[in-house]
Amino acid sequence: MVGVDRDELLGGLGSVVVGAAVGGGLGVVFAGQGSQRLGMGRGLYEAYPVFAGAWDEVCGELDRYLERPLGEVVWGDDAGLLGGTAYTQAGLFALEVSLYRLVVSWGVKPDYLLGHSIGELAAACVAGVWSLEDAARVVAARGRLMQALPSGGAMVSVAVSEGEVRPLLTGGVAVAAVNGPESVVLSGDADEVAEVAGVLAGRGVRTRWLRVSHAFHSSCMDGMLAEFGEVLRGVEFRAPSVPVVSNVSGVVAGEEVCSPEYWVRHVRETVRFADGLETLRGLGVGSFLELGPDGTLTALADGDGLPVLRPDRPEPLTAMAALGGLYVRGVEVDWAAVFPGARQVELPTYAFQRERFWLEPTSDQPVTSAVDAAFWDAVEREDFGSFGIDAEQSLSAALPALAAWRRVRQEQSVIDGWRYRLGWASIPGVFEESVLTGTWLLVTEPGGGADDLMGAMRAAGAEVRMVTVAELAAPETVPALAGVVSLLPVEETVLLLRTLRTVAPLWCVTRGAVSAADGDVVDPDQAGLWGLGRVIGLEHPDRWGGLIDLPPVVDEGVGAWLCRVLSGGTGEDQVAVRAAGAWGARLLRVAGAADTSAEWRGRGAALVTGGTGALGGHVARWLAGAGVERIVLASRRGAEAPGVAELVAGLEVSGVVVSVVGCDVADRGEAAALVEGIADLRVVVHAAGVLDDGVLESLTSERIREVMRVKVAGARHLDELTRGRDLDAFVLFSSAAGTLGNAGQGSYAAANAVLDGLAQRRRAEGLVATSVAWGAWADSGMGAAQRQLPGMPPELAIAALQQSLVADETTMMIADVEWSSFGSRYTAVRPSPLLSELLTIATPPMEPVEEFATRLRGMSRIERDRAVLELVRTHVAAVLGHAKPSSVDPSKTFQEVGFDSLTAVELRNRLATATGVPFPASVIFDYPTTAALADHVRAQLLQGETEDDTTSVLDELNRLEAVLSDLSPSDVAGAEVAAKIKSLLSHWGATTDRDIELDSATDEEMFDLLGKEFGIS
């Protein structure tokens, strides 16, 4: 169902796109001449940047050969001018190539392509047979040469089979097209065509004359074939990347499609579209998507076709209806790319399951975006120059420029909203001495080296014991603790977390992990611990103290600040202590640049690690257009990686030299050979990496090392091996997991934090470096969108990267974060000073643990069950994103409703915070339904307390007494109650008063019995 607003969507409930998966592949068909119309594509141009960018690019190539700009003609008001063959064919080609790029950007992947006449040229172009530049040259020449032929000739459509019409043909008549079993088009000399059509009409065959300027696909085309062949011999051919079905043969084209002779024959011979459809059905194609101005070809697909556009209908709505039709037929669609930043909601499974998703109406005036405000301000000032248009231009000519102006600024506004940087807020000093009480563990590697910290902590009043992880393994080692301070590296910190048998807060202390003050030199290894620590805080909020970074020398002042932070006196959990004071980490928005027109330009050679992956491919395509002359794509699979041939072919079209190398950059020898073999290396982009997600309890040393090896060792080798090169850019692809943390990605977060630290270290040494901590990309690969964050369109993410290089940034987080929802989850069980500048609305606090436990103890058994079940359902609903606890079925397993190891951690943390009871991360696997988990939570809350069922029943009867005290047996309601009590006592077998027969007792006797037996009067 599609619509532009609520009313349209409600109105469309009766015409929802329905269907069933039909199986088979997808064939994309490209419309031919005769389907053109004024205004085609304008609605999509204004709605979708991908279409607009493709349209501008294609028109730019075609305009080199046309007398008037193609956009002016197609979107003008002169239908006769568009009807000229040169503009008709160019316009259809531009539309269909742009439509193809749009639907492919939405994740639609065709298995076969089939065009109709000029449509086959569009199919060949998008399949890579020609570059766009060469294709434009061929299309423009084809239309120009055809239009230059002497006018005359005729074409007629006849509803008869090819077999029936062939015997009637004369020398001047040809079968121009076979569109169906009984749909044939005749073309040729006007008189001879009329004679054949007359014979058929006399037999009762339906005929329809076509309005054409020339008799296409007949001998009337012979005069342009030689010159057209010369044009074709001047362009470069490549094998198609997607199979193309030939109009000439009606079967999948082979090598002949890469020859000039084929395309000359294509002009002259019959368009065998019907045979092409049958070929596709024989190959298993079950659905057809028509790219063109209308649904002409869709009508030939026997109900299996869907047109992207239809005349007189809003183009975005028609395109969405086509996508919906494909989806219900079983064709994969990337809805995150179709609706960037949107979220999916679970629809009701039956008619009466209702939940309101509409925004409530507001009396506030609508807010105009800054982009629209600037647009109308320029219009009111008649500042046409800022739009790049002339005041004398017609509206139709100015519209593309106005749309482009607005689109560019809207995209820039989106990018500006993605840019963040780690900053530091000064922590106010106090005059009181910091006090630490109780026993603290100071955990170090063998050999100690933390005497300065021990001295500072003891001076503040703590009893400090310095131990190693191995010593903690002994059961008798750990006393009752006030806190734990660790100086361990990443791998050992994970082991420590598993070894510790205490809920005392764990603080990780580093030296030189962050750059918080001028002159700080970052140690990348220490920086990695901050990435890990942020994950610990999310997975174990009840056991987490925080991160503290110290200077090399811990003097008395630094020691005092350390102890103040450890005591909780600052309220901060990510702190940098220096001789001059202390600062708390803050994630801050980065203001957009005033001038975003500057472009970063490369030169020489570029090396992209992870270059055959999704992210590497996007980077390579950008570099190819940014001035780089040679691109080396390195990955462990090299040329064997899927999609490499298509990627290389696309890059080579832009004129760059491309090499694909199989190399493990984590191996220093292989990395050295790789770098040594690249002359004039100017750009390095390290996008290689590996994911191995898992909660901290599941991480082994081997798993941690493998993630660190690929991400970190590769970056270190590139850093060392390129120090003698004059680099223009050294780009590290980091992750927002290292900046924010992400449950289940402890080793990945640590590895990416190391990359951020490496960039800062290089800058301090006077070397170029930019580390981008990416959020999710709306694409495949490690950057793919996850549940926590929406995906960024790749073309905008690349634009943000380019702007970071122009601004010469060192570290930057680029992520699309909806802070109201993300922040509420992030701070659900623990406040986050890191995000305090971004979260304008505080997360509602949970009910204090003591109050809930007290309330629970005052309840009956039944009330306790209900209260705990409601508590658990509330938190399950919050984790799953449901609006109400009632949407959670207590009897369904957590696996059924969509839980995984990461959401299990989130639920565990929520319940632990709400109840004060520690639960293992495996709790939902041990108690697999909401009801079972609620019983376990209740048992843990009331551990050690006897739940006396008799007492509970008496409690309920006491409540009944209070209700009955205001009720008289003579009332109607009293009589009903008495009858119910009789029934209950009868079933229970109560005959405690032998003088009263229950079946014959009066209401007064029943109330008297209650008073005697249960003390109710």
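This is a short talk on how some strands, helices, salt bridges and nonpolar cores fit together in one structure.

Hi everyone, and thanks for coming. Before anything else, please keep in mind that this is a predicted model.

Let's begin with strand S5, which covers residues 183-188. Is S5 largely enclosed or not, and why? Five of its six residues are buried, so the rest of the structure largely encloses this strand. Who are its partners? Strand S3, residues 154-158, pairs with S5 in the antiparallel sense, over five bridges. If you want to find that pairing on screen, look for valine 156, whose bridge partner in S5 is leucine 186. Strand S4, residues 173-180, also runs antiparallel to S5, and six bridges join the two. Here you can look for valine 173, which has glycine 188 as its bridge partner in S5. Getting from S4 to S5 takes a hairpin of two residues.

Now please move along the chain to another pair of strands. S11 spans residues 439-443 and S12 spans residues 463-467; they pair in the parallel sense, again with five bridges. One bridge to look at has valine 443 facing its partner in S12, valine 467. How does the chain cross from S11 to S12? It passes through helix H18, residues 451-459, in a β-α-β crossover that is right-handed.

Let's stay with H18 for a moment. Its buried residues are Leu453, Met454, Ala456 and Met457. Looking down the helix axis, you would see these buried residues fall within an arc of 165 degrees, so they line one face of H18. A bit of helix background helps here: an α-helix has 3.6 residues a turn, so residues three or four places apart point the same way. On the other side of H18, Asp451 and Ala459 are exposed. And what covers the buried residues? The cover includes the two strands we just met, S11 and S12, along with strands S13 (483-486), S14 (506-511) and S15 (544-550), and helix H22 (556-566). Just after H18, glycine 461 takes a positive phi of about 110 degrees.

On to the nonpolar cores. The largest has 101 residues, and the members that touch the most others are Leu62, Phe93, Leu113, Trp130 and Leu289. Helix H6, residues 85-105, gives this core its largest share, 11 residues. Take leucine 62 as an example: leaving out residues up to four places away in sequence, it touches Leu70, Ala90, Phe93, Ala94, Ala136, Val139 and Ala140. There is also a second, separate core of 77 residues. Among its members are Val443, Trp583, Ala749 and Tyr826. You have met Val443 already, as the S11 residue that bridges to valine 467.

Next, salt bridges. How many are there in the whole structure? The search finds 42. I'll show you three of them.

In the first, glutamate 227 meets arginine 144, with the closest N and O atoms 3.9 Å apart. Glutamate 227 sits in helix H11 (residues 222-232) and arginine 144 in helix H8 (residues 132-148), so the pair ties together parts that are 83 residues apart in sequence. Glutamate 227 counts as partly exposed, at 44% relative accessibility, and so does arginine 144, at 41%.

The second joins glutamate 809 and arginine 419, whose closest N and O atoms are 3.8 Å apart. Glutamate 809 is in the loop between helix H29 (794-806) and strand S24 (811-814), while arginine 419 belongs to strand S10 (residues 419-426), so this pair ties together parts 390 residues apart in sequence. Are these two buried or exposed? Both glutamate 809 and arginine 419 are buried.

The third brings together the side chains of arginine 723 and glutamate 765, at 2.8 Å from N to O. Arginine 723 lies in the loop between helix H26 (701-721) and strand S22 (729-735), and glutamate 765 in the loop between helix H28 (746-764) and strand S23 (770-774), so the pair ties together parts that are 42 residues apart in sequence. At 38% relative accessibility, arginine 723 is partly exposed; glutamate 765 is partly exposed as well, also at 38%. There is a network to look for too: Arg603, Asp680, Arg682, Asp726 and Asp728 are joined by salt bridges that share partners.

My last stop is leucine 721, in helix H26. Leaving aside neighbours within four places in sequence, its contacts are Arg668, Ala671, Ala672 and Val675. Leucine 721 counts as partly exposed, at 21% relative accessibility.

Thanks for listening!

Notes:
Residues are numbered from 1 along each chain as its sequence is written. This is a predicted model: local features need pLDDT of at least 70, side-chain atom pairs count only at pLDDT 80 or more; totals for chains, interfaces and linings use all residues. Side-chain values use heavy atoms; hydrogens and water are left out. Buried means under 20% relative accessible area, exposed over 50%, partly exposed in between (1.4 Å probe, protein chains only). Helices (H or I, at least four residues) and strands (E, at least two) are DSSP runs, numbered from the N terminus. Two strands pair if DSSP finds at least two bridges between them. A crossover is right-handed if, with the strands pointing away from the viewer, the path from the first strand over the helix to the second runs clockwise. A salt bridge is a side-chain nitrogen of Lys or Arg within 4 Å of a carboxyl oxygen of Asp or Glu. Contact means heavy atoms within 4.5 Å. A nonpolar core is a set of buried Ala, Val, Leu, Ile, Met, Phe, Trp, Tyr and Cys residues joined through side-chain atoms within 4.5 Å. The arc is that of the directions from the helix axis to the C-beta atoms.
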